[in-house]
Each structure stands twice: as structure tokens, then as C-alpha cells.
Amino acid sequence: MEVQIVCTKLIKPSVPTPPHLRTLKLSPVDQVQYPTKTAVVLYYSADGSTGSAEEVEGRRMDRLETSLSETLTRFYPLAGRYIKDGNWVDCNDEGVEFFVAKVKGCRLSEFLSRRDEMIDQLSHLAGGEFTSPVVSIQISMFDCGGLVMGFRLSHYLFDAFSAISFFTSWATASRQGMDDHEIWPTFGVANSILAGAANDLRLPKMKPMPRLMGTDNGVTKRIVFDGAEVSALRAISHDPSFPRKPSRVELVTALIWKARMRVSRAKHGRLRTSLAAHTINLRPRIIPPLPRWSFGNLQSRVTTKFMAAADDDRLPELKDLVGLLIDSFTKSKGTVVRREDVFASSLQKRNELHEAAEKGEVDVYKFTSWCRFPLYQVDFGWGKPVWLSRIHSALEAATLLDTEGGDGIEAWLSFNKKDMPLFLQDKDILAFTSNPR
């Protein structure tokens, strides 16, 4: 597969941003994100449009560029530039980076049938990794009419909820125009929260972030738990004492967590205490509520701890880990956060994880779930995506996505190269996943 960039441009808002909105101060949580761009890639089949390939591509590009420009009038900071020294975004309408590419030597259907072999090439479908714009978008067109949309989004501005709101808003504008468009993002939430807090608001001093793995030390793989395998996991993990049925995310997290414990035990010669830390959306937990489409990193962590016994190297039963996760998530959902405490609470959670990782005696396993976010509903006017993916990440973590059918989970795993082979040969991973590796 060969990906050739044929056009690069900057897409600006269709209406200039007013002077009083030119400066967006980042929140304390925004400021401590990793200085990387997260990547999401959406894959669309040919839609059967009439006309030559050039005509169809031309109509699609015109629609995408026009609707993106219109969408940016509401999402105006995305067309600006991050100013590192001041931790703010200059909303200068310089534009979103927009690449157009041609894919040669491969049909989209062939690519999808070999997707696990192609993971190392997915980065070619999401340009702009090392460029300065806070958002980079690449539209890659296959000769068969298939189209791929790759996004790179600055962690300083986006959490998962913010990303989905942008994708959905742009897709709606492309599909049916801006009229009756319900998504009106609210920026600058940090200012309103901090203004409402006490003057002596004390934020915890941040611990240094764990180092990124880097290109040479890390590797990314995809493992798939289909609906039947999730059901089988649920059956063997059942315990009458559970207050409710475990979710797909809890089941898959427990299995990955246990497999990582087995790898750690092989490396260190003993079973170690470990933490499973899941990123969560804080918006539903904040009182009084924030505006519905509040933009930025309004997130925290739910941390679940397994305490290893000094004289026992046996791995826990899967249902024991599931039970711990159910308990943590249930308590988290029942917890509210006062608006003025949002940043202090989130930063404290980050500090606890960083401190545990820094000491080196506890294994910290990070998870992010995008399950149930409506990514498979993002329709720009030529149908819903047939697949979505991540790409290689320098941050050691597991990202959970819905499968196409919605009843399974794809786990995108970015681990140390030395750990990955042993993890993939774990007997439970082999027993409950369906894709070849």
C-alpha cells in the first residue's frame, strides 16, 4: 500500500473569530496532558455515487472543506495555535491542517481483510503528527471509492467527549447543513470554574509524568473480543455476590489486567501489587452541571487496586478482578464532584498514579474506553463508517473500542516491545480473542 499526499492546505472558519474570543486559557488539567496528538481513523466504503471517480472525489472534497469551515465557526479554537509558554490557545483562525492523499496498490476491502497486518502502516493515514496545528485531518482516497478520514488531535484541548462532539458536529454539517444543528460547544469552562472557586483554591503540585515509550521501545497491537467471547467471559466470571452484571469493559479490562500481571510476574520473579486505572468523563458527575457541550479535558481516573500477598505468587481468579472493578466503577458512578473541586480532584488522581509509577514497586496499567461513544454513527453523507481504528501510541496504555457490531470490544494495546510477545501468548488472551496475531 502506497499513500501519497497530493494536497495540503489550511481550512479556516467561514466567519472570523471575534476579537474578544481570541484567547483561550487552558485549564490546569489541560496543561498537564502529554504533549502529543491522539489519533483516530474512520473508514468509509464507496457510496455508489454516479459520475467519474474524479467527479465523486471532487464533490466529496468540496463538501468536506465547506462544512469543516462552517463547523470551525463554532469550534474556533481548533483553528488556532497552542502557545506553550503561556498555556493558552491563540484563536487566530490560522486554520486546521488538511491533507488529501491517494492510496495506491490496495482496495479498501483488501486493506480491511488484512487490517492486523497493516497496523504499522496506519500512521500514514493520519498526517500531522509533528506539525504545530492543534488539529490535523487527512482524507485518503482509494481507487475503489473507499475513503479514510484520519484525525490527530492535541491532548491539550481534547478528551474523548470533546473529540466525539467535534466529529459529530462536522459530520452533521456535511450531511445536512448547519441549520438546526444542536451542538454548540462551550469553551473557557476553566475560567468559569476557577472564578467560582475560593480565591485561595489550592491545586496539588504535579508530579513528573512517566516517560513516553518512544518509537523504538513501544509497539501497538489490536486484539478482538467478539460478542460470543464477551458472553463466554461473562459466564466464567459470574458470581452471585456481584451487585450487578459486569459490563463488557469490566470483563475485558480484567482479562487484560490479569495477562499483564502474568507478564510482570515472569519479569520480576514474583507477583506485584498493581493498579488498573481507567479514564472517565467527569461531566455527568459535576454539580452544578456544566453546559452540555463543555469542551476540554474534563476527565479523571477510576483506579482499582490488586494487593499482592508477600508469600503468595498465585494470580487472582478472573472473577476476583471483575469484582474489584465492579466495586470501583459502582462507587465512582455514585460520586459527585463539586464544580469548584473538579481540577483539584482530577490532578490529585493523576498525582497518585504518577507517584506509584515513579516508585517502581507497583505496576500501573492505564486504560481508556471509547465504548458506547457514537463513533460508528459519524456519517458525513456517504454512510456510516465500516471500521474505526487507533494507531501506534507512544503512551503505554490499552484503548477499548466497540467492534463494528457493537457487542464486542477491540483492544488497542501500546506496550513495551519486550512485554508484548509474552502478553500475546497468554493462555487467556489466546482463548478469548478472535483475530490472528
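**Exercise 1. Packing around F167**

Task: In this predicted model, find which residues F167 touches, leaving out those up to four places away in sequence. Then place F167 in its core.

Solution:
- Step 1. Select F167 and list its contacts. They are V40, F151, L153, L375, V378 and F380.
- Step 2. Look up the core. F167 is among the residues with the most contacts inside the largest nonpolar core, which has 69 residues. Y43, L78, F111, I137, F166 and W170 share that status.
- Step 3. Ask which elements build this core. At least two residues each come from β3 (37-44), α2 (53-71), β6 (96-104), α3 (108-113), β7 (135-142), β8 (147-154), α4 (160-176) and β15 (387-389).
- Step 4. Rank the suppliers. Helix α4 gives the most, with eight residues.
- Step 5. Check for another core. One lies apart from the first and has 56 residues, including L255, M261, F329 and L400.
- Step 6. Add the background. Nonpolar side chains tend to be buried together in soluble globular proteins.

**Exercise 2. Q299 and T335**

Task: Decide whether Q299 is buried, partly exposed or exposed. Do the same for T335.

Solution:
- Step 1. Locate Q299. It sits in strand β12, residues 299-306.
- Step 2. Apply the cut-off. The relative accessible area of Q299 is 16%. Buried means under 20%, so Q299 is buried.
- Step 3. List what Q299 touches beyond four places in sequence: Q33, D159, T279, I280, L282 and S346.
- Step 4. Locate T335. It is in the loop between α9 (318-333) and β13 (337-338).
- Step 5. Apply the cut-offs again. T335 has a relative accessible area of 41%. Partly exposed runs between 20% and 50%, so T335 is partly exposed.
- Step 6. Compare sequence and space. T335 and R285 are 50 residues apart in sequence, but their C-alpha atoms are 6.8 Å apart.

**Exercise 3. The whole chain**

Task: Judge how compact the protein is from its radius of gyration. Then describe its contacts, surface and charges.

Solution:
- Step 1. Count the elements. The protein has 12 helices and 17 strands.
- Step 2. Compare with the globule rule. The radius of gyration is 22 Å, close to the 22 Å expected for 437 residues, so the protein is as compact as a globular protein of that length.
- Step 3. Check burial. Of the 437 residues, 54% count as buried.
- Step 4. Check contact range. Among contacts with a separation of 6 or more, 79% join residues 24 or more positions apart.
- Step 5. Take the surface. It comes to about 19500 Å², and carbon and sulfur atoms hold 50% of it.
- Step 6. Place the charges. The mean positions of the 57 positive and 52 negative charges are 4 Å apart.

Key. Residues are numbered from 1 along each chain as its sequence is written. This is a predicted model: local features need pLDDT of at least 70, side-chain atom pairs count only at pLDDT 80 or more; totals for chains, interfaces and linings use all residues. Side-chain values use heavy atoms; hydrogens and water are left out. A nonpolar core is a set of buried Ala, Val, Leu, Ile, Met, Phe, Trp, Tyr and Cys residues joined through side-chain atoms within 4.5 Å. Buried means under 20% relative accessible area, exposed over 50%, partly exposed in between (1.4 Å probe, protein chains only). Helices (H or I, at least four residues) and strands (E, at least two) are DSSP runs, numbered from the N terminus. Contact means heavy atoms within 4.5 Å. The radius of gyration is taken over C-alpha atoms; the globule rule is 2.2 Å times the number of residues to the power 0.38. Accessible areas come from the Shrake-Rupley method with a 1.4 Å probe; for residues, only the protein chains shown count as cover. Lys and Arg count as positive and Asp and Glu as negative; His and the chain ends are not counted. The place of a charge is taken as NZ of Lys, CZ of Arg, CG of Asp or CD of Glu.
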